[in-house]
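User: Please take a close look at one part of this model, starting from a single side chain and its surroundings, and then follow the strands that pair with one another.

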Amino acid sequence: MRADALLSRYGYCSRREAAAWVKRGRVTVRGVPVKSPSEKVEADEVRVDGEAVPFAHGLYVAFHKPVGCTCSHKEEGELVYDLLPEMWLARNPAVNTVGRLDKETSGLLLLTDDGRFEHAMTSPRRHVPKVYELTTEAPIPVEAVSLFASGTLVLQGEKTPCLPAELEITGECAGRLTLHEGRYHQVRRMLAAVGAPVVTLCRTEIGPVKLADLALAPGEWTEVDPRIFER
Ligand code: URA
């Protein structure tokens, strides 16, 4: 890739500004300053101001989303993206969330600048299991366990039933629900359908990635290897 394209791809500056960065010797390959913005370089060999290019092979991050921010680039109020390093937001292709969590839901959220990964992970054919810990306003009826497992629950306004889902009742007003699909407000709508509206909701697992193993506080993130989702 050209050095100017690289600087813009990874969010350092625009392609037009890149000439000045190169001229000042800020871009080096194995210690040697790149001579021209058009010079061809490999992202994993380049250093900018002496630092390696972050996420040179694509950005794949697990983020602990706090309650109160929105998974959108343009809505009002605090956005998930306001909590991320500014340079990520200047990357092109853009960094996006892999699917969404509601504003009032916390927990594990993947972020990537790899459109194919995002697509593959959210494809309805993929069925990556996602685990949610929840509390409810009213006790969860035991019949909800078999209803959710049966694959017959049709949510209001929908034509096809939810895929079988595993519900564990972990307390009088608490549960753990594993879904294999991602419909709009699905957990909240499923629990509301059995008379136990959700009070708090936290996604704790996506496939092999567990929030507890990552030990991330709300607002913290860590890199993940996208290959772990291929198994
Ligand atoms: N289901 C919901 O209802 N909300 C979420 O944020 C995720 C799943």
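Analyst: Val 145 is partly exposed, with a relative accessible area of 31% (partly exposed lies between buried, under 20%, and exposed, over 50%, with a 1.4 Å probe and protein chains only). The model is predicted, so local features need pLDDT of at least 70 and side-chain atom pairs pLDDT 80 or more, whereas totals for chains, interfaces and linings use all residues. Residues are numbered from 1 along each chain as its sequence is written, and side-chain values use heavy atoms, without hydrogens or water.

Val 145 belongs to helix α5, residues 143-150 (helices are DSSP runs of H or I with at least four residues, strands runs of E with at least two, numbered from the N terminus).

Turning to the strands, β11 covers residues 198-206 and pairs in the parallel sense with β7, residues 105-112, over 3 bridges (pairing requires at least two DSSP bridges between two strands). Within this parallel pairing, Ser 106 stands opposite Cys 202 of β11. Strand β8, residues 130-136, also pairs with β11, but in the antiparallel sense and over 7 bridges, and here Leu 134 has Leu 201 of β11 as its bridge partner.

Strand β11 has a further antiparallel pairing, over 2 bridges, with β12, which spans residues 209-210, and in it Glu 205 stands opposite Lys 210 of β12. The hairpin formed by β11 and β12 has 2 residues between the strands, and in this hairpin Gly 207 takes a positive phi near 50°.
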